Amino acid sequence: MLKAFLELADAILDINQWFSIDLLKSFHWEQKLFLYLIPFVPLLFVLKWLFSLQSKQKLVFSFFKKQNVGFQTSWIVYLRFLPDIIFTLFVVMILIALARPQQLTKKVQQASEGIEIVLALDISESMLIEDFQPNRLDVAKKVATNFINGRKHDRIGVVVFSGDAFSLCPLTNDYKLLKHSVNGIYSKMIKTSGTAIGNALAVSINRLRESNAKSKVIILISDGANVEGKIDPSTAAKLAHAYNIKIYSIGIGKDGDVPYKDEKGEVHQIKNTMDESTLREVSYLTQGQYFRAGSREVLTTIFGKIDKMEKAKITETSYLDTKDYYYYYLKIGITIFLLWLLLKSTFISNPLED
């Protein structure tokens with residue numbers, strides 16, 4: 001009982017809030033017809049008063065003939081209208097509650113078929129050749145970072161390789177960690193020189209083989225032929241295909257004379273010839289695709305193509321979150337009704353009209 005009384009008291013205290021124009025406009029009215037009845041509520045009491053004029057009971061007083069009695073109208077007389085006004089407010093509150101005010105919030109749930117991607121990046125000394133500015137490795141890192149920025153629902157890992165290969169970052173959707181890992185890559189991270197493409201693919205496959213993702217991809221970026229490592233690239237590619245992993249390989253660099261800066265900082269022109277056969281083969285064996293990037297712009301375009309080909313399928317489910325507010329107006333109405341019953345027991349009420 002006490003709990004119910006406190007709830008009614010709270011409703012009265014918040015009455016200004018519940019009758020603000022902005023709040024009433026924001027509501028969705030489930031049964032709007034009841035709102036159209038509100039203007040007719042006062043009219044009912046006017047009609048009741050008109051029909052009761054003829055049948056109204058009167059109390060007749062007798063005075064002495066010579067007695068001069070004068071009556072003065074007092075403001076207290078108008079209190080007799082108060083019960084009807086209060087009952088009108090009660091009916092209005094009930095009609096508002098019956099109109100069922102609601103606030104609707106549209107929510108969207110997204111479910112995606114996850115794609116898991118391993119970026120396998122060549123960090124051999126030849127990646128420091130400056131046919132890309134400032135060099136191949138820095139451009140590859142920058143473009144890879146932009147690629148990571150474009151993914152939203154996928155887990156990505158990073159593998160680096162030269163004469164050997166190791167996993168720099170496990171599969172994760174912590175893109176901040178991924179970008180930090182990519183930005184920290186440098187050519188001397190692996191002491192063994194050379195290019196071990198087979199080893200790089202093996203480490204990448206090891207990261208992806210137990211994944212349940214519907215799409216698994218290795219993006220292999222290299223500028224040379226496989227000259228190191230214990231695993232043949234074609235063998236690794238066949239293993240990748242067995243695990244339903246696609247390999248998109250990118251050959252980076254220009255053919256011909258290209259500038260190269262040695263450890264002393266001196267720039268030399270060297271002859272560069274890329275062996276694309278290995279990169280083509282590993283992509284072909286896994287039903288992936290091989291790309292040749294001769295400039296930074298082309299490399300960016302290639303990553304854009306891969307991004308479009310390997311997009312996660314996103315399913316959106318929209319639904320309305322409905323919150324009812326009718327019970328606030330019902331509480332206020334009940335409180336007003338109790339007040340009306342209380343007034344019926346006071347001098348304000350006219351017992352002759354009840």
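**Notebook: turns, a cis bond and helix packing**

I began with N244, which counts as exposed because its relative accessibility is 54%, and the cut-off for that word is over 50%. I note at the outset that this is a predicted model, so every value I write down here is computed from it.

*Entry on the backbone of N244.* I found N244 in the loop between α10 and β7, the strand of residues 245-252. Its phi is near 60 degrees, and I marked this down as a positive value in a residue other than glycine.

*Entry on Q287.* Is Q287 buried or exposed? I looked up its relative accessible area, which is 60%, and Q287 is therefore exposed. Q287 sits in the loop that joins α11 (277-285) to β10 (289-293), and just after α11 it takes a positive phi of about 60 degrees. As with N244, I wrote down that the residue is not a glycine.

*Entry on helix α11.* Which residues of α11 are buried? I listed T278, L279, V282 and S283. Looking down the axis of α11, I saw that these buried residues fall within an arc of 130 degrees, so they line one face of the helix. I recalled the general rule that an α-helix has 3.6 residues a turn, so residues three or four places apart point the same way. The buried residues of α11 pack against two helices that I take up below, α9 and α10, and also against the strands β6 (215-222), β7 and β10.

*Entry on T278.* I then picked out T278, which lies in helix α11. T278 counts as buried because its relative accessibility is 12%, and buried means under 20%. Leaving aside residues up to four places away in sequence, I found that T278 touches I197, N226 and P233.

*Entry on α9 and α10.* In general, two packed helices are described by the angle between their axes and the distance between the axes. For helix α9 (residues 197-208) and helix α10 (residues 233-242), I noted that the axes come within 8 Å and cross at roughly 20 degrees. Angles under 35 degrees count as roughly parallel, and α9 and α10 are therefore roughly parallel to each other. The crossing in which α9 passes α10 is left-handed. On the α9 side, I197, G198, L201, A202 and I205 take part, and they meet P233, A236, L239 and A240 of α10. Sorting the residues of this contact, I have 8 nonpolar, 1 polar and no charged. I197 and P233, which belong to this contact, are also among the residues that T278 touches.

*Entry on α7 and α12.* How do the axes of α7 and helix α12 cross, and within what distance do they come? For α7 (136-150) and helix α12 (residues 296-309), I noted that the axes come within 10 Å and cross at roughly 30 degrees. α7 and α12 are therefore roughly parallel to each other, and their crossing is right-handed. The contact is made by V139, A140, K142, V143, A144, F147 and G150 of α7, together with R296, L299, T300, F303 and D307 of α12. Its residues divide into 7 nonpolar, 2 polar and 3 charged.

*Entry on P134.* Last, I looked up the loop between β3 (115-122) and α7, where P134 is found. The peptide bond that leads from Q133 to P134 is cis, and its omega is near 5 degrees.

How values were computed. Residues are numbered from 1 along each chain as its sequence is written. This is a predicted model: local features need pLDDT of at least 70, side-chain atom pairs count only at pLDDT 80 or more; totals for chains, interfaces and linings use all residues. Side-chain values use heavy atoms; hydrogens and water are left out. Axes are lines fitted to C-alpha atoms, for helices over the stretch in contact, and angles run from 0 to 180 degrees between N-to-C directions. Helices (H or I, at least four residues) and strands (E, at least two) are DSSP runs, numbered from the N terminus. Angles under 35 degrees count as roughly parallel, over 145 as roughly antiparallel, 65 to 115 as roughly perpendicular and the rest as oblique. A crossing is left-handed if the near helix is turned anticlockwise from the far one by less than a right angle, and right-handed if clockwise. Contact means heavy atoms within 4.5 Å. Ala, Val, Leu, Ile, Met, Phe, Trp, Tyr, Cys and Pro count as nonpolar, Asp, Glu, Lys and Arg as charged, and the others, Gly among them, as polar. Buried means under 20% relative accessible area, exposed over 50%, partly exposed in between (1.4 Å probe, protein chains only). The arc is that of the directions from the helix axis to the C-beta atoms.
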